[in-house]
Amino acid sequence: MIESAVYETLTSSAAIAAIVGSRVYLEQRLIGTTLPAVTFEVRSNAAVRMLAGASGLFSAEVVVTSTAETYAAARSLAETVRGAFEGSHVATSATLEAVRFDTETPEDSTFGDGDENEPTRIEQTYQVHYRSA
């Protein structure tokens, strides 16, 4: 459920689509996939409980990875993803009540030995609070 809501949110963004087209993937992209691309994974997902019991909300940690041919392109894509993903969104399977940026890990050239003109990925972690549709 959260995976499809995140996918729908990322793929419905005109700003992201202008950069990656339809290259948004759950967990990993296929070998040889054209860059730039976005992948995402849900690392944790749990019901939010309150003293009175279940709240109807869920909390998930979602990591979105922006991969591009150069550091500058990966940085630009990561900034675009953040601008499009933070906030709240209504998807078919869930309402993302609050998507909050948490941390970022730029990976120096992930496919080579540190040249800034080689493919690079930037991982961004978000805390997502959502409820089922």
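## A charged pair to start with

Let's begin with one residue of this predicted model. Glu-86 has a relative accessibility of 31%, so this residue counts as partly exposed, that is, between the 20% limit for buried and the 50% limit for exposed. Glu-86 has a partner: the side chain of Arg-82 forms a salt bridge with it, and the closest N and O atoms are 3.2 Å apart. Arg-82 falls into the partly exposed class too, at 33% relative accessibility.

What lets such partners meet? Side chains of opposite charge can pair when their charged atoms come close.

## The overall fold

With that pair in mind, we can step back to the whole chain. The protein contains 3 helices and 6 strands. Following the sequence from start to end, you meet them in the pattern α-α-β-β-β-α-β-β-β. The radius of gyration is 15 Å, close to the 14 Å given by the globule rule for 133 residues, so the protein is as compact as a globular protein of that length. Along its principal axes, the C-alpha trace spans about 55 × 25 × 25 Å.

How much of the chain is buried? Of the 133 residues, 38% are buried. The surface that the protein exposes comes to about 7000 Å², and carbon and sulfur atoms supply 50% of that area. Contacts also tell us how the chain folds back on itself: among those between residues at least 6 apart in sequence, 60% join residues at least 24 apart.

## Charges and salt bridges

The protein carries 9 positive and 18 negative side chains. The centres of these two sets lie 8 Å apart. Across the whole structure, a search finds 5 salt bridges, and the pair of Arg-82 and Glu-86 is one of them.

Another salt bridge joins Arg-75 and Glu-104, whose closest N and O atoms are 2.7 Å apart. This one links distant parts of the chain: Arg-75 belongs to helix H3 (residues 71–85) and Glu-104 to strand S5 (residues 94–107), with their positions 29 residues apart in the numbering. Glu-104 has a relative accessible area of 29% and is partly exposed.

Strand S5 takes part in a further long-range pair. Here the side chains of Arg-131 and Glu-97 meet in a salt bridge, 3.0 Å from N to O. Glu-97 sits in strand S5 and Arg-131 in strand S6 (residues 120–132), and the two are 34 residues apart. Both ends are partly exposed: Arg-131 has a relative accessibility of 32%, and Glu-97 has 36%.

## A residue in helix H3

Helix H3 also holds Ala-73. With a relative accessible area of 32%, Ala-73 is partly exposed. Which residue does Ala-73 lie 9.0 Å from in space, C-alpha to C-alpha, while being 46 residues away in sequence? That residue is Pro-119.

## Backbone details in a loop

Our last stop is the loop between strand S1 (24–26) and strand S2 (37–50), which contains Pro-36. The peptide bond leading from Leu-35 into Pro-36 is cis, and its omega is near 5°.

Glu-27 is found in the loop between S1 and S2 as well. Although Glu-27 is not a glycine, it has a positive phi of about 70°. Is Glu-27 buried or exposed? Its relative accessibility is 56%, so Glu-27 counts as exposed, the cut-off being over 50%.

Note on methods:
Residues are numbered from 1 along each chain as its sequence is written. This is a predicted model: local features need pLDDT of at least 70, side-chain atom pairs count only at pLDDT 80 or more; totals for chains, interfaces and linings use all residues. Side-chain values use heavy atoms; hydrogens and water are left out. A salt bridge is a side-chain nitrogen of Lys or Arg within 4 Å of a carboxyl oxygen of Asp or Glu. Helices (H or I, at least four residues) and strands (E, at least two) are DSSP runs, numbered from the N terminus. Buried means under 20% relative accessible area, exposed over 50%, partly exposed in between (1.4 Å probe, protein chains only). The radius of gyration is taken over C-alpha atoms; the globule rule is 2.2 Å times the number of residues to the power 0.38. Contact means heavy atoms within 4.5 Å. Accessible areas come from the Shrake-Rupley method with a 1.4 Å probe; for residues, only the protein chains shown count as cover. Lys and Arg count as positive and Asp and Glu as negative; His and the chain ends are not counted. The place of a charge is taken as NZ of Lys, CZ of Arg, CG of Asp or CD of Glu.
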